[in-house]
Amino acid sequence: MGTISQRHRVSTRLYFELVRFEKMASKDAPLCQIFSFQDCKTTPDSIYELPAQCVSPTPAPVVIDNGSFQTRVGWAAPGAEECDSPRLLFRSVAARSRGAARSETQIGNDIPNLEPLRWLLKSQFDRNVVVNFEIQELIFDYVFTHLGIASEGCVEHPIVLTEAPCNPLHCRQMMSELLFECYRVPFVSYGVDGLYSFYHNNIQRNLQPLHTGIVLSSGYHCSHILPVINGRLDALNCKRVNVAGSQAASYLQRLLQLKYPGHLAAITLSRMEELLHEHSYTAVDYHEELEKWRCPGFYEREVHRIQLPFSGKLPGGCVSVEERQERRAQQLRRLQEINTRRREEKLQQDQERLDRLLGVQELLEDGLLDQFHKSLVELNMDSAEELQSYINKLQVAVEQSRQKLLQNDGAEGKTEVSELEQPMDEGDGVALMDSDFPEDTLSEKSANVVQPAFNMAEYHQLFVGTERLRCPEILFQPSLIGEDQMGLMETLQYVLARYTPEQQEALVSHVFLTGGNMQYPGMKERVERELLAMRPFQSQFKVTMATQPALDAWYGARDWALEHPAAGGAEGWISRQDYEEKGGEYLSEHCASNAFVPMKIVKPVPARPAEPSVALQTPAGAAAAIAPASSIVSTDVTVVAS
């Protein structure tokens with residue numbers, strides 16, 4: 001009895017240990033994270049009615065954040081709830097076929113899916129600078145129409161428009177010409193999107209004006225470092241890095257297409273942009289994070305499986321015995337029909353060749369020797385005996401083919417394997433190699449044998465692992481994509497080195513991050529870590545992120561327009577009179593605008609050309625008198641005179 005009770009206690013203890021182990025294993029088991037693409041399709045924008053607050057007492061300004069990825073448009077009207085956010089948000093692209101009319105051009109949200117029309121898409125931007133003003137005019141038409149501006153011949157509202165940092169004068173001239181000449185707007189104000197975002201967030205934090213700080217702005221095509229001293233942009237020390245969101249999306253597309261060559265069509269640029277926005281993050285320590293991904297447990301927990309759409313119906317899956325037998329019978333009938341048709345074609349060819357040879361033999365019997373020898377040469381034969389040998393072989397082959405056809409007609413539904421020696425088409429060869437072709441029925445197989453099932457769902461999954469951090473990393477290491485330039489933080493260090501230590505302390509006390517490409521989780525922590533390694537020991541710095549990195553530029557432009565009403569001679573506004581008097585390159589500066597930097601262009605004084613023909617006719621005394629005017633000319637003259 002003691003032995004039995006002892007065994008019972010041991011088995012009970014083992015049972016509870018096993019249960020505890022299974023619970024711990026289930027608790028520590030990695031959770032499989034499966035996501036799917038949203039594939040969001042845009043809907044066409046409505047044509048809004050013009051709000052009454054935007055007309056009286058004075059026309060309200062139209063605020064246009066003209067971004068290279070997305071255009072955001074709204075009103076700067078006080079006290080209007082519908083003007084608190086952008087009215088229009090659409091991609092800055094136009095789809096226009098070659099030779100199509102302007103009315104057939106699709107703009108922004110009129111294009112439900114960009115991928116089928118990507119080869120037709122055109123943008124007004126080259127990187128972040130507007131150069132295609134025909135597309136820009138189409139976008140302005142779209143904006144003013146959907147805002148409800150229906151005035152004839154002109155737009156009576158002032159325009160607040162964003163532009164690139166250090167925008168070329170020619171581009172500003174063309175933009176001013178388009179707005180003042182084509183749309184006849186009364187006032188225009190230009191500003192930099194990153195500085196508008198800086199302005200808006202400073203107002204929200206109740207900071208005093210004349211701010212000093214450094215703005216790190218990263219958008220779709222470019223990233224910028226914009227130092228601001230006493231509320232004004234220091235344009236001489238602005239720097240641009242040609243790496244941003246579009247390069248990250250292209251890099252992610254290349255990585256996944258190399259990883260999954262069977263799903264090239266499903267790995268589109270639009271989906272890669274969605275992966276960047278929803279699944280990517282910035283590593284605080286890039287190499288340390290890559291080491292974590294080498295651990296299988298970490299990989300299983302952190303990898304994101306993206307489920308692609310697929311059809312769950314497998315060829316040959318869940319097929320009954322009767323269906324398999326019917327399919328086999330259909331294949332046999334098809335093969336029999338193919339072989340019969342081939343034999344008939346071969347019989348016809350042999351019969352035609354036999355008739356031709358018999359016709360040549362009749363020439364010999366009729367005594368037409370010249371025609372007979374000519375025919376033999378055409379047939380590549382040497383003698384009548386060789387001709388007779390070919391005729392005998394063809395007669396035997398024709399007779400055998402006829403006998404086989406008669407046998408096949410008598411034996412319906414049976415196919416002799418020995419008769420399949422003729423070459424077949426590619427598709428028919430695949431049918432012959434089908435595993436269902438041998439006559440073995442599924443009923444002979446044991447029902448208890450579990451056949452391995454092909455997981456179609458897992459085959460159509462994209463495992464996005466280290467790509468989640470490798471693509472945002474190109475902002476700090478452009479060499480990952482082959483760009484021979486400094487990263488964002490190296491460029492920041494280069495910019496800070498151009499200032500005195502006191503100015504550096506003031507700039508790093510307010511490092512501001514903005515732009516759609518700065519929205520990755522961990523971006524702020526990464527910049528803080530890089531600054532900690534860059535700055536001297538125990539120096540102070542502060543990094544802040546924009547409240548809405550992608551939209552704060554529009555909100556900042558609206559705040560500025562509300563605080564600075566449009567008027568002749570007002571700060572930041574260019575009137576039509578200013579445009580006519582000072583030209584399209586004229587810029588009225590304000591706290592969020594570019595700064596005019598005069599550049600001295602030293603024109604070399606052209607040397608006075610020598611005139612050898614005149615020198616030949618001049619006496620030596622005259623040549624000596626001319627010599628002090630120019631050393632080069634005097635040398636030539638002296639040589640000629642001597």
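Helices (H or I, at least four residues) and strands (E, at least two) are DSSP runs, numbered from the N terminus. The structure is a predicted model, in which local features need pLDDT of at least 70 and side-chain atom pairs count only at pLDDT 80 or more, while totals for chains, interfaces and linings use all residues. Residues are numbered from 1 along each chain as its sequence is written, and side-chain values use heavy atoms, with hydrogens and water left out.

**Exercise 1. Place Tyr 199 in the structure and list its contacts.**

Step 1. Tyr 199 belongs to helix α4, which covers residues 193-204.

Step 2. Buried means under 20% relative accessible area, exposed over 50%, and partly exposed in between (1.4 Å probe, protein chains only). Tyr 199 has 10% relative accessibility and therefore counts as buried.

Step 3. Contact means heavy atoms within 4.5 Å. Leaving aside neighbours within four places in sequence, Tyr 199 is in contact with Gly 556, Asp 559, Trp 560, Glu 563, His 564 and Cys 591.

Step 4. Tyr 199 and Gly 556 are 357 residues apart along the chain, yet their C-alpha atoms are separated by 5.9 Å.

Step 5. For the protein chain as a whole, 71% of the contacts between residues at least 6 apart in sequence join residues at least 24 apart.

**Exercise 2. Describe helix α17, its buried residues and what they pack against.**

Step 1. Helix α17 runs over residues 523-534, and its twelve residues should span 16 Å at 1.5 Å a residue (the expected span is 1.5 Å times one less than the number of residues). The end C-alpha atoms of α17 are 16 Å apart, which agrees.

Step 2. The buried residues of α17 are Met 523, Arg 526, Val 527, Leu 531 and Met 534. They cover an arc of only 135° around the axis, so they lie on the same side of α17; the arc is that of the directions from the helix axis to the C-beta atoms.

Step 3. An α-helix has 3.6 residues a turn, so residues three or four places apart point the same way.

Step 4. Leu 532 and Ala 533 are exposed on the other side of α17.

Step 5. The buried residues of α17 pack against several elements, namely β12, α7 (286-293), α15 (488-496), β18 (511-514) and β19 (543-545).

Step 6. One residue of strand β12 (residues 213-218) is Ser 217, which counts as buried because its relative accessibility is 10%. Not counting residues up to four places away in sequence, Ser 217 touches Gly 194, Cys 222, Ser 223, His 224 and Thr 514.

**Exercise 3. Describe the lining of the largest pocket and of the second largest pocket.**

Step 1. On a 1 Å grid over the protein atoms alone, a pocket is an open set of points where a 1.4 Å probe fits, with protein on both sides within 12 Å along at least five of seven lines, and lining residues have an atom within 4 Å of a point.

Step 2. The largest pocket is lined by 49 residues, and Phe 69, Arg 72, Gly 219, Tyr 220 and Gly 516 lie nearest its centre. Helix α6 (residues 269-279) gives the most to this lining, with four residues.

Step 3. The second largest pocket is lined by 28 residues, of which Asp 39, Cys 40, Ser 270, Glu 273 and Glu 274 are the closest to its centre. Here too α6 gives the most to the lining, with seven residues.
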